[in-house]
Amino acid sequence: MTPLIITCAVVGAELSREQTPSLPLTPQEIADECVRAAEAGAAMVHIHARDPQTGAATQSADVYAEIVARVRDRSDVIIQISSGGAVGMSAAERLAPVVDERVAPEMASLSTGTVNFGDGVFWNAPGLIREFAQAMTARGIKPEIEAFEIGHTANALRLVEEELLSLPLHIDFVLGVPGGLPGEVRHLVQCVAEVPAGSTWSVAGVGRSQLPLNTAAIVMGGHVRTGLEDNIYYSRGVLSEGNAPLVARLVRIASEVGRPVATPAQARELLGLAS
């Protein structure tokens with residue numbers, strides 16, 4: 001079977017320490033969580049930055065550069081940064097770490113559509129999506145398409161037609177966001193049916209949908225995203241003690257069904273990243 005790429009989204013933009021004491025906030029804490037996730041079996045980490053003084057979400061290139069440098073000093077894990085930031089951030093804010101040469105990630109998230117996000121709206125107008133795609137392509141950063149709805153895959157393919165992106169794509173289906181496509185396996189099956197031949201896909205299930213959707217993706221031949229950004233619980237009512245336990249559980253599940261877990265080097269090959 002194709003090796004399983006496990007991505008760990010270690011922090012996110014919306015969570016607080018009040019919700020989970022395991023949430024990393026400073027650059028050192030976020031880097032430590034990335035390294036622990038990699039040691040547990042993650043081939044890629046998805047990183048949001050937090051203001052080291054306030055803990056609030058930030059797209060500061062200075063903070064991202066520090067996090068990335070700290071991770072690279074200790075691990076060869078694939079680094080993917082967020083261009084989503086937090087709901088309400090401007091396009092310029094969100095794009096800042098993508099265009100800063102000090103950060104230089106191998107991958108960055110590219111949301112290809114607008115979605116209701118709890119009580120807010122995660123706004124991604126067509127012009128913004130094109131701008132972000134152009135910025136990533138110009139810098140040799142491979143986008144991970146973040147699709148909250150089936151139509152967001154069609155939007156990504158439109159960018160291919162416009163020669164702003166190229167095949168094969170890597171699409172991450174983010175299911176279970178309040179206001180987006182519910183986190184159910186039947187919806188994942190519908191989403192996967194739209195993936196172009198030769199492209200890769202993963203799924204991020206929010207909250208209680210994380211484990212069922214991750215497990216389904218493992219047996220369907222896709223890839224998975226786990227981590228505190230999407231779900232802070234290890235089991236019902238029991239907080240996960242950081243990101244590593246969530247990663248380690250997926251490694252065990254993959255082992256039980258006979259699917260090998262990808263190393264960062266294998267993941268780079270599968271994703272078409274430069275070595």
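Leaving aside its neighbours within four places in sequence, with which residues is N243 in contact? In this predicted model, the residues that N243 touches beyond those neighbours are C8, A9, V10, E33, G227 and L228. N243 itself is placed in the loop between β14 (238–239) and α8, and it counts as buried because its relative accessibility is 0%, where buried means under 20%. One of the contacting residues, E33, is also joined to N243 through the side chains, which form a polar contact of 2.7 Å.

From this loop the reader can move on to helix α8 (residues 244–256), whose axis comes within 10 Å of the axis of helix α7 (residues 210–220), the two crossing at roughly 35°. The crossing in which α7 passes α8 is right-handed. On the side of α7 the contact is made by Q210, L211, N214, T215 and I218, while α8 contributes L246, R249, L250, I253 and A254. Sorted by class, the residues in this contact of α7 with α8 are six nonpolar, three polar and one charged.

A further position to examine is P126, which lies in helix α4 (residues 126–138). Is P126 buried or exposed? P126 counts as exposed because its relative accessibility is 53%, and the cut-off for exposed is over 50%. Although P126 and T112 are 14 residues apart in sequence, their C-alpha atoms are 8.0 Å apart in space. Set side by side, N243 in its loop is buried, whereas P126 in helix α4 is exposed.

Methods: Residues numbered from 1 in each chain as written. Predicted model: local features only at pLDDT ≥ 70, side-chain atom pairs only at ≥ 80, totals over all residues. Heavy atoms only, no water. Axes fitted to C-alpha atoms, helices over the stretch in contact; angles between N-to-C directions. Helix = DSSP H or I, 4+ residues; strand = E, 2+ residues; numbered from the N terminus. Left-handed = near helix turned anticlockwise from the far one by under 90°. Contact = heavy atoms within 4.5 Å. Nonpolar A, V, L, I, M, F, W, Y, C, P; charged D, E, K, R; others polar. Buried < 20%, exposed > 50% of the residue type's maximum accessible area, 1.4 Å probe, protein only. Polar contact = N/O pair within 3.5 Å; in protein donor to acceptor, adjacent residues only side chain to side chain.
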